[in-house]
Amino acid sequence: MGFFLETVFGGLMAGMLYALVALGFVLIFKASGVFNFAQGAMVLFAALAMARFAEWIPKWLGFQSVVLGAVLGFIAAALCMVIVAWLIERLALRRLVNQEGITLLMATLGISHVLDGAGQLIFGSATYKIDIGMPKEPLLVLENVFEGGLLLSKEDLYAAVIAAALVVALTLFFQKTGTGRALRAVADDHQAAQSIGIPLARIWVIVWSIGGIVALVAGVIWGSKLGVQFSISLVALKAFPVVILGGLTSVPGAILGGLIIGMGEKLSEIYLGPFLGGGIENWFAYVLALAVLLIRPQGLFGDKIIDRV
């Protein structure tokens with residue numbers, strides 16, 4: 001039972017990291033109706049900006065504090081993501097108002113390649129380290145309940161707390177603020193939102209900025225664990241089935257979907273891997289997403305679409 005619970009907790013913590021990336025997809029789709037294929041590139045770009053600014057700023061200002069460098073690096077990277085959001089709206093989305101969904105989808109694919117190239121050009125292509133002071137040593141708990149106790153990762157626990165706080169804040173923002181309601185109105189109908197005075201350009205800058213900040217948080221946590229490298233953008237591939245499972249319009253669904261997939265991956269690899277030859281962790285999420293699409297295409301918490309004729 002102790003080993004089983006360790007596996008479950010490990011899966012849940014990995015699922016929270018998947019959910020952070022999926023959260024960016026959900027936020028932008030929920031508020032603008034655009035499925036953002038550039039989210040993985042945004043995670044990479046934000047993590048690169050954080051790593052490099054945390055390295056450069058202490059040299060520019062002449063101090064040695066790692067903590068202060070990380071704080072200032074995070075702020076600088078957040079400003080970068082706001083600027084990126086403004087450029088995306090100004091150069092791409094503004095010209096695609098009221099276009100078909102497939103047109104906006106292809107635009108996000110182009111934005112993804114631009115961000116990949118810009119990140120490499122501005123910040124370099126090496127592997128960089130992010131140090132935000134998250135503890136690396138494991139945590140031993142429940143020693144009196146299970147023989148040897150349960151070994152948990154403190155870093156994963158910190159990541160889970162950060163993700164949970166982010167979800168609560170975003171849920172309150174969308175439900176309780178005028179800007180949040182305006183974002184949902186734009187997602188329902190661009191033309192109707194414009195007709196009642198909602199400034200579409202400003203709303204898109206806001207939602208892409210929020211998506212950029214979420215990408216930054218995800219990139220910082222992934223970068224702290226694995227180092228910042230261009231393979232981070234591939235994490236977004238694992239976020240696709242998370243979004244499908246939870247629902248494209250549900251913030252809590254992105255979190256729950258990530259937890260289910262993270263836990264399912266670990267358990268299936270441990271308990272089914274020996275019988276199926278291993279490697280289940282690589283394809284489990286996609287098989288689960290396919291099954292969900294066949295049974296409930298809108299996901300567990302997505303809005304059911306009803307067409308009236």
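In this predicted model, two helices, H5 and H8, meet through a set of side-by-side residues: Glu155, Asp156, Ala159, Ile162, Leu166, Leu170 and Phe173 in H5 are in contact with Ile210, Val214, Val217, Ile221, Ser224 and Lys225 in H8. H5 covers residues 154-176 and H8 covers residues 200-226. Their axes lie 11 Å apart and make an angle of about 175°. An angle over 145 degrees counts as roughly antiparallel, and H5 and H8 are therefore roughly antiparallel to each other.

Another helix to look at is H2, residues 39-61. H2 has 23 residues, and the distance from its first C-alpha to its last is 32 Å. That is close to the 33 Å expected at 1.5 Å a residue. H2 does have a kink of about 25°, and the kink is centred on Phe53. Of the 23 residues of H2, 18 are buried, so this helix is largely enclosed by the rest of the structure. After H2 comes Gly62, which has a positive phi, near 75°.

H2 also holds charged residues that pair up. Side chains of opposite charge can pair when their charged atoms come close. How close are the N and O atoms in the salt bridge between Arg52 and Glu55? They are 2.8 Å apart. Glu55 has another partner in Lys59, and here the closest N and O atoms are 3.7 Å apart. A salt bridge is counted when such atoms lie within 4 Å, and by this rule the count comes to 2 salt bridges. Arg52, Glu55 and Lys59 are thus linked in a network.

The positions of these residues along the helix help to explain the pairing. An α-helix has 3.6 residues a turn, so residues three or four places apart point the same way. Arg52 and Glu55 are 3 residues apart in H2, which means that about one helical turn separates them. Lys59 and Glu55 are 4 residues apart in H2, again a separation of about one helical turn.

Is each member of the network buried, partly exposed or exposed? Arg52 is buried, because its relative accessible area is 14% and the cut-off for buried is under 20%. Glu55, at 32% relative accessibility, counts as partly exposed. Lys59, at 61%, counts as exposed. Read in the order Arg52, Glu55, Lys59, the network therefore runs from a buried residue through a partly exposed one to an exposed one.

Notes
Residues numbered from 1 in each chain as written. Predicted model: local features only at pLDDT ≥ 70, side-chain atom pairs only at ≥ 80, totals over all residues. Heavy atoms only, no water. Salt bridge = Lys/Arg side-chain N within 4 Å of Asp/Glu carboxyl O. Buried < 20%, exposed > 50% of the residue type's maximum accessible area, 1.4 Å probe, protein only. Expected span 1.5 Å × (residues − 1). Bend = angle between axes of the 7 residues up to and from the residue. Axes fitted to C-alpha atoms, helices over the stretch in contact; angles between N-to-C directions. Parallel < 35°, antiparallel > 145°, perpendicular 65-115°, else oblique. Contact = heavy atoms within 4.5 Å.
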